[in-house]
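Q: Please take a close look at one part of this structure, the packing of helices within a chain. I should also like an account of the cysteines, the backbone and the arrangement of the copies around that part.

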2 protein chains.
Amino acid sequence: MRKAWEKNIRTVVPYTPGEQPKFLEMVKLNTNENPYPPSPRVKEALDAINYENLRLYPDPACEELVAALAARYQVSPEEVFVGVGSDDVLSMCFLTFFHSGKPIFFPDVTYSFYDVWADVYGIPYERQPLNDRFEIVKEDYYRENGGVIFPNPNAPTGLLMELSEIEEIIRHNQDVVVVVDEAYIDFGGKSAVELIHKYDNLLVVQTFSKSRSMAGMRIGYAMGNKDLIRYLSDVKYSVNSYTMNLPALAAGKAALEDEAYFQENVNRIISTRERTKKELSKLGFTFGDSKANFIFATHERFQARELFEALKIKKIFVRYFNKPRIDNYLRISIGTDQEMDTLLEFLKKYVKEN
Amino acid sequence: MRKAWEKNIRTVVPYTPGEQPKFLEMVKLNTNENPYPPSPRVKEALDAINYENLRLYPDPACEELVAALAARYQVSPEEVFVGVGSDDVLSMCFLTFFHSGKPIFFPDVTYSFYDVWADVYGIPYERQPLNDRFEIVKEDYYRENGGVIFPNPNAPTGLLMELSEIEEIIRHNQDVVVVVDEAYIDFGGKSAVELIHKYDNLLVVQTFSKSRSMAGMRIGYAMGNKDLIRYLSDVKYSVNSYTMNLPALAAGKAALEDEAYFQENVNRIISTRERTKKELSKLGFTFGDSKANFIFATHERFQARELFEALKIKKIFVRYFNKPRIDNYLRISIGTDQEMDTLLEFLKKYVKEN
């Protein structure tokens with residue numbers, strides 16, 4: 001029986017994160033984690049923390065981390081916001097910027113958290129369908145709306161939109177905030193951050209979870225003009241003043257100080273991705289030209305679900321979405337060369353024997 | 001000029017955290033931090049983290065930390081929720097439980113974040129005035145409402161309510177959720193957690209920031225019946241699935257494993273608090289019988305603001321609230337004995353010379 005207090009509360013269908021299986025021996029290509037560790041500078045920074053200082057509140061303004069981000073992206077500290085992973089940053093964006101009561105626009109095939117945030121905050125939305133090649137159709141975003149958000153590259157397709165097309169979307173939406181979610185931009189795209197001084201309604205969101213190998217530290221950030229950042233900060237300070245703990249602040253700063261490691265890490269993943277594309281093609285897979293750290297692939301003969309299950313038995317985990325339009329695709333994160341070889345050898349055998 | 005997009009966004013008056021001055025030499029008694037470091041086990045746990053694992057997402061269910069909390073409080077893991085400090089937990093409570101559209105009730109003099117959360121989430125509220133002795137009047141909470149929240153001990157008064165009185169409030173409010181915010185309970189109060197199996201609408205919120213000396217790590221938690229916890233988790237997973245980073249999960253668990261250190265730390269602060277009360281009385285201060293790690297005091301001759309400013313010049317930081325009813329009080333956190341002596345000596349001199 002439903003209890004009396006239950007009718008007074010907010011009930012939601014929560015986001016389902018990718019599986020986090022706990023096998024010691026597995027090939028984990030299901031949550032777009034980076035297969036390589038963070039910069040050794042991160043270890044040094046963590047070792048240098050005096051644990052006694054944990055008794056004090058951390059810096060609520062995250063000044064040192066913000067300064068390091070500002071320096072890296074050649075913006076001013078007033079143009080930077082940080083949060084507990086890009087999910088925290090994006091959630092704050094929904095709460096802050098999509099408050100008009102008009103429907104916000106995002107693609108029909110995209111990051112599956114967007115509709116969840118809209119639901120939890122009571123924001124109306126309209127999904128704009130990708131075309132048959134899974135591309136965003138920019139003209140779909142030219143009608144009146146309450147805000148626009150899309151990832152670039154898009155997830156889970158991996159497809160990149162040219163900056164000129166993104167600029168067209170921003171230009172047609174100057175009365176609302178446009179959020180470009182660049183979680184995967186470092187794997188081959190050009191960031192829209194260079195447009196923030198041209199368009200004061202543009203917010204660019206990035207993360208340390210993918211290209212900086214720090215999913216376990218929970219650091220995301222946004223860059224935009226200082227008024228946007230101030231509104232976002234006001235809401236953040238009204239929800240939780242102290243979100244970034246001492247280790248996250250220290251580790252984030254340290255990672256930014258090792259640009260060489262970052263570039264090398266990213267290039268290694270790009271090279272593995274391109275090699276994997278060639279091998280998958282030979283095996284009868286087709287996919288768009290992903291610029292992210294994953295490939296979104298479908299097979300000419302085998303159902304995605306069947307492959308997903310067969311791989312799982314061998315403790316090779318990829319992501320399968322049981323959703324319209326994409327239920328015959330697998331999202332395969334780029335792991336180490338060795339991990340991709342394990343995957344490819346299994347698939348080679350599977351294709352041959354079935 | 002207001003920009004077009006500005007009319008579509010949520011604007012709020014954010015919570016103002018206590019000052020975080022950056023002097024190396026200061027007596028910081030303004031944000032209720034613990035003057036002693038966390039358990040040495042916390043250091044061991046942090047040293048044991050393999051930084052390479054930061055590349056992976058942390059456990060979204062926080063299983064090990066939840067299990068440690070469940071064991072410590074003799075509840076089941078399904079009755080425990082964790083978040084990024086108790087502010088994160090409380091914010092989620094507002095978003096989840098106070099959704100009826102009816103006004104929620106909390107004291108007029110209380111934690112200054114409650115009205116901020118209500119404003120940011122559009123929740124109506126009614127402040128119930130404390131009596132002349134700054135006590136919560138339980139009968140004020142017996143009318144129809146959309147939920148009840150109060151701290152015990154209350155902040156910034158430090159006054160503790162007996163568990164029997166709290167039970168009366170819960171008993172009169174079984175159609176809504178009652179949140180007891182126990183940030184300071186370990187400094188001399190009896191937790192309401194023993195009532196969670198009797199009342200399924202009771203949620204008890206605690207924190208690692210005060211009695212466990214870990215404000216810098218951002219760990220808070222809630223305990224309540226498993227349906228309440230599930231609803232809270234559903235909303236949390238809809239906002240940010242991975243909130244607790246790897247160091248927080250490891251350090252939180254380690255702190256709970258050192259009960260002896262915890263007890264010793266808390267007793268030391270209680271003893272300093274009681275001594276400080278005696279000394280402040282001699283100097284002409286009056287205050288309620290605080291059971292928290294701070295004293296909320298007013299002076300017979302000097303204005304609180306004047307004392308606050310005079311102390312600040314000497315780099316002794318206490319908290320002053322420029323708010324109705326409490327603008328002639330100082331909230332003085334309990335520091336080390338040495339820190340309290342510095343404060344008391346200054347006050348002795350000030351009282352004598354003015």
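A: The account below begins with the helix contacts and then moves outward to the cysteines, the loops and the two chains.

The model is predicted. Two packed helices are described by the angle between their axes and the distance between the axes.

In chain A, helix α3 (residues 85–97) packs against helix α6 (residues 226–239) at an angle of about 105°, and their axes are 9 Å apart. An angle from 65 to 115 degrees counts as roughly perpendicular, so α3(A) is roughly perpendicular to α6(A). On the α3(A) side, the contact is formed by M92(A), C93(A), L95(A), T96(A) and F97(A). The α6(A) side supplies L228(A), Y231(A), L232(A), V235(A), K236(A) and V239(A). Sorted by class, the residues of the contact of α3(A) with α6(A) comprise 9 nonpolar, 1 polar and 1 charged.

A second pair in chain A is helix α8 (residues 259–282) with helix α10 (residues 337–353), which pack at an angle of about 5° with their axes 11 Å apart. Because angles under 35 degrees count as roughly parallel, α8(A) is described as roughly parallel to α10(A). From α8(A), the residues in contact are T272(A), R275(A), T276(A), E279(A) and L280(A). Their partners on α10(A) are D337(A), M340(A), D341(A), L344(A), L347(A) and K348(A). The contact of α8(A) with α10(A) is made up of 4 nonpolar, 2 polar and 5 charged residues.

C93(A), one of the α3(A) residues in the contact with α6(A), also bears on the question of disulfides. A search of the whole structure finds 0 disulfides over all chains. For C93(A), the closest cysteine sulfur belongs to C62(A) and is 15 Å away, too far for a bond, since a disulfide requires sulfur atoms within 2.5 Å. C93(A) counts as buried because its relative accessibility is 0%, and the cut-off for buried is under 20%. In chain B, C62(B) takes part in no disulfide, and its nearest cysteine sulfur, that of C93(B), is 15 Å away. C62(B) has 3% relative accessibility and therefore counts as buried.

Certain backbone features lie in loops. A cis peptide bond, with omega about 0°, joins A155(A) and P156(A). P156(A) is located in the loop between β5 (148–151) and α5 (163–171) of chain A. In chain B, A155(B) and P156(B) are likewise joined by a cis peptide bond with omega about 0°, and P156(B) is in the loop between β5 (148–151) and α5 (163–171) of that chain.

S213(A) is not a glycine, yet has a positive phi of about 55°. The loop between β7 (202–207) and β8 (220–224) of chain A holds S213(A), and this residue is buried, with a relative accessible area of 0%. R325(A), also not a glycine, has a positive phi of about 75°. R325(A) lies in the loop between β12 (319–320) and β13 (330–333) of chain A and is partly exposed, at a relative accessible area of 33%.

Finally, the two chains may be considered together. Chain A is superposed on chain B by a rotation of 180° with 0.0 Å of shift along its axis, at an RMSD of 0.0 Å. The two copies are therefore related as by a two-fold rotation axis. Of the interface residues of chain A, 100% are also interface residues in chain B, so the copies meet through the same surface.

Technical notes
Residues numbered from 1 in each chain as written. Chains lettered and ligands numbered in written order. Predicted model: local features only at pLDDT ≥ 70, side-chain atom pairs only at ≥ 80, totals over all residues. Heavy atoms only, no water. Least-squares fit on C-alpha atoms with pLDDT ≥ 70 in both. Contact = heavy atoms within 4.5 Å. Axes fitted to C-alpha atoms, helices over the stretch in contact; angles between N-to-C directions. Helix = DSSP H or I, 4+ residues; strand = E, 2+ residues; numbered from the N terminus. Parallel < 35°, antiparallel > 145°, perpendicular 65-115°, else oblique. Nonpolar A, V, L, I, M, F, W, Y, C, P; charged D, E, K, R; others polar. Buried < 20%, exposed > 50% of the residue type's maximum accessible area, 1.4 Å probe, protein only.
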